[in-house]
Amino acid sequence: QVQLVESGGGLVQAGGSLRLSCAASGRSISTYAMAWFRQVPGKERELVAAIVWSGARTVYADSVKGRFAISRDNAKNTVYLHMNSLKPEDTAVYYCAADPRSTGVQYDDWGQGTQVTVSS
């Protein structure tokens with residue numbers, strides 16, 4: 001099992017930028033697919049972005065394409081979410097998740113989440 005800790009959330013004005021970090025400990029995530037999800041109260045959690053173990057392939061929700069970028073530094077056991085041109089509808093709790101077998105659907109480990117609030 002790997003422990004994930006997100007950081008970097010906060011309050012930002014529309015059009016601004018934030019970088020979220022997900023630091024892993026307990027095990028190396030260098031062979032894991034990783035992802036960022038977000039959730040708004042009363043709504044289902046949604047996949048924002050995912051990245052394969054090597055970083056060579058990424059996927060994004062249509063709502064964030066061209067604005068967000070997921071990246072990873074396996075030497076630092078850390079995954080990032082770079083968020084640009086933020087909109088009020090991006091307001092949510094953002095979670096980091098680990099997919100040890102690179103299934104694309106089964107995420108075994110989750111962080112506690114970090115709040116992102118975008119003001120209009």
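**Strand pairing and the disulfide link**

In this predicted model, strand 3, which spans residues 18–25, runs antiparallel to strand 8, residues 78–83, and the two are joined by 6 bridges. Within this pairing, S21 of the one strand has Y80 in strand 8 as its bridge partner. The two strands belong to an open sheet of 4 strands, arranged in the order 1-3-8-7 and paired in the antiparallel sense. The edges of this sheet are formed by strand 1 (3–7) and strand 7 (68–73), each of which pairs on one side only. From one strand to the next, the twist averages 15 degrees.

Strand 3 also carries one half of a covalent link. A search of the whole structure finds 1 disulfide, and this bond is formed by C22 and C96, whose sulfur atoms lie 2.0 Å apart. The link connects distant parts of the chain, since C22 is located in strand 3 and C96 in strand 9 (residues 92–99), with the two cysteines 74 residues apart. About the S-S bond the angle is -75 degrees, and the link of C22 and C96 is accordingly left-handed. As to the surroundings of the two cysteines, C22 has a relative accessible area of 0% and therefore counts as buried, because the term applies to values under 20%. C96 is likewise buried, its relative accessible area being 0%.

A further set of pairings involves strands 4, 5 and 6. Strand 4, made up of residues 33–39, and strand 5, made up of residues 46–51, run antiparallel and are joined by 5 bridges. In this arrangement M34 stands opposite I51 of strand 5. Strand 4 and strand 5 form a hairpin with 6 residues between the strands, and in this hairpin G42 adopts a positive phi near 85 degrees.

Strand 5 pairs in turn with strand 6, residues 58–60, again in the antiparallel sense and over 3 bridges. Here A50 is the residue that stands opposite V59 in strand 6. Strand 5 and strand 6 likewise form a hairpin, with 6 residues between them, and the turn contains G55, for which phi is positive at about 85 degrees. A glycine with a positive phi is thus found in the hairpin of strand 4 and strand 5, at G42, and in the hairpin of strand 5 and strand 6, at G55.

Note on methods. Residues are numbered from 1 along each chain as its sequence is written. This is a predicted model: local features need pLDDT of at least 70, side-chain atom pairs count only at pLDDT 80 or more; totals for chains, interfaces and linings use all residues. Side-chain values use heavy atoms; hydrogens and water are left out. Two strands pair if DSSP finds at least two bridges between them. Axes are lines fitted to C-alpha atoms, for helices over the stretch in contact, and angles run from 0 to 180 degrees between N-to-C directions. A disulfide is a pair of cysteine sulfur atoms within 2.5 Å. Buried means under 20% relative accessible area, exposed over 50%, partly exposed in between (1.4 Å probe, protein chains only).
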